[in-house]
Amino acid sequence: MRNAPTILHLDMDAFYASVEQASKPSLRGKAVIVGGLGPRGVVATASYEARVFGVHSAMPMAQARRLAPNAAYLVPRFGIYRDISEQVMALLRELSPLVEPLSLDEAFVDLEAGGAAWDDSSARLVGAKLRGDIRAATGLAGSVGLAASKMLAKIASEQAKPDGLVLIEPGTERAMLGPMSVRTLPGVGPATGDHLRRAGIHTVEEIAEAGEDELVRLLGKAHGHALYAMALAHDERPVVAERETKSVSVEDTYDVDIHDRVRVGLEVQRLADRCVRRLRGAGLSGRTIVLKVRRYDFSTLTRSETLRGPTDDPAVVREAAARLLESVDTTGGVRLLGVGVSGLADYTQEDLFAQAAGELGEQQAVEGGEDGADAVAVARGEETPSERKWLAGQDVRHAEYGHGWVQGSGLGRVTVRFETPGSTEPGRVRTFRVEDPGLEAVEPLPLVEERPGRGGGSRGAAGSGGSATSGAPDGAVVGGV
Ligand SMILES: [Mg+2]
């Protein structure tokens, strides 16, 4: 391990919710919850004001609504999140060629490789300047962790939140880690955490005390060795510019198409087990279970289910894969089956939901197929031509009133608040019939006025599907007049 804190971990604070607050002046300082608004939706990001009520990412949306009934509930707008993410990643690449993005709002940077920092004080200066540059470019806050390894840099940025910087001085790592929960360590998902707890191991120090042999006995060779090393603050993982593993998956192609439905089911179970072994071997857990089926005519379908929390439990993955299989027509025969787990908990805690949805959408778009296209529409919240749907949070423009966003809709009405990122005070609210010809869906506006000469602009769809009712923060009428 290097002896200077020159690995930087950046994590944007409550990223999606912060983008929404910056876009929508009426939501600044208010509880904002972004996620899937459908019956099985989960929270992707909650603003700090919403976290006060106990709402956190990965929580079922229904539970969030009980805890914070007056919060604003919005669908994610991936297009603008991606644009802002690109701006942030570009700033990181100015510091070093070694930038490893973990999700849209999180990345490791090797400052030493870029010659940007070599000791405590140069690292601290770079981190502070970066936070300022991000604020200037995007208007948003990001927290920075600095340490001599990836694991510790990530722990440091967690401690720095919100809107802060924490540097862990080399030499102090073990004392700091000792009393922390085992769940702090990368690769300790809920199942591994339970397993350790049953063995009486709760803290990082207790892992170190248990010894390597005991860890290997409990968790197997690969995972046991890795975890013991982490508990001693040994983490030699390099920052890699390209992330190779976004998901863990296994698949099998069959010489002869499988027709028997029972056999298909058994193969899926077997693949689920193999996938979990690989997942555990890598010390990971994940939240999104993906089933891939290639049929006799080479049409390929992927189906996915996002769980409420990350898992590395074979029974959970098997059950999810079996549920997904139920929705796939396999009459005619199956050439290939695959099971994967994505949204891996080693490197992302928040924003898993959206990341998984985004990745899945791209995959399906490439693979095509009728059913795949449907799934993309659901994942991205694209408007279906047959039915005009207004999703809470989506950008709209009215011929008479200008740019605004959908605050809620229902019963044939849609409520729009007319304001832009540059508005100095909350905008006016108006309610229209859903088919009002003056109202149209439009692209998001940039958060910070673009300087002349800088290209770019925003793109992208309005986010994830689901019903679009909103608990408006100031009690505006939703779904009626
Ligand atoms: Mg974040």
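Select β5 and β6 to begin: the two strands pair in the antiparallel sense over 4 bridges. Strands here are DSSP runs of E with at least two residues, helices are runs of H or I with at least four residues, and both are numbered from the N terminus. Two strands count as paired if DSSP finds at least two bridges between them. On this pair, P101 stands opposite A107 in β6.

Before going on, note that this is a predicted model, in which local features need pLDDT of at least 70, side-chain atom pairs count only at pLDDT 80 or more, and totals for chains, interfaces and linings use all residues. Residues are numbered from 1 along each chain as its sequence is written.

**The mixed sheet**

Extend the selection to the 5 strands of this open sheet, in the order β5-β6-β1-β7-β8, with mixed pairing. β5 (99–103) and β8 (165–167) are the edge strands; each has a single partner strand, so one side of each is left without a neighbour in the sheet. On average, neighbouring strands are turned by 15° against each other, direction ignored. Axes are lines fitted to C-alpha atoms, for helices over the stretch in contact, and angles run from 0 to 180 degrees between N-to-C directions.

Add helix α4 (residues 78–93), which lies across β1 (7–12), β5 and β6 and runs at about 155° to β5. Then add helix α5 (residues 120–138), lying across β1, β7 (142–147) and β8 at about 165° to β7.

**E106 and S143**

Select E106, in strand β6 (residues 106–110). The UniProt annotation "active site", from an unreviewed entry, covers E106; UniProt positions are given in the numbering used here, feature names are shortened, and annotations may be inferred rather than shown by experiment. E106 is buried, because 24 other C-beta atoms lie within 10 Å. The term buried needs 20 or more other C-beta atoms within 10 Å of a residue's own, exposed means 12 or fewer, and partly exposed is in between, with C-beta atoms placed from the backbone.

Next select S143, in strand β7. S143 is also buried, with 22 other C-beta atoms within 10 Å. S143 and E106 are 37 residues apart in sequence and 9.7 Å apart in space, C-alpha to C-alpha. Leaving aside neighbours within four places in sequence, S143 is in contact with residues including D11, D13, S157 and K161. Contact means that C-beta atoms, placed from the backbone, lie within 7 Å.

**Helix α6**

Select helix α6 (residues 150–160): 9 of its 11 residues are buried, so the helix is largely enclosed by the rest of the structure. Among them are M151, L152, I155 and S157. The buried residues of α6 pack against β1, β6, β7, β8, α7 (173–177) and α11 (221–231).

**The cores**

Go to L227, which with V32 and I33 has the most contacts inside the largest nonpolar core, of 93 residues. Such a core is a set of buried Ala, Val, Leu, Ile, Met, Phe, Trp, Tyr and Cys residues joined through C-beta atoms within 7 Å. Apart from this core lies another, of 23 residues, including V268, L279, A321 and V339.

**The antiparallel sheet**

Finish with the open sheet of 5 strands in the order β16-β15-β14-β13-β17, where the pairing is antiparallel. β16 (428–433) and β17 (439–441) stand at its edges. Neighbouring strands of this sheet are turned by 40° against each other on average, direction ignored. β15 (residues 413–418) pairs with β16 over 6 bridges, and R413 stands opposite R433 in β16.

Note on methods
Two residues are in contact if their C-beta atoms, placed from the backbone, lie within 7 Å.
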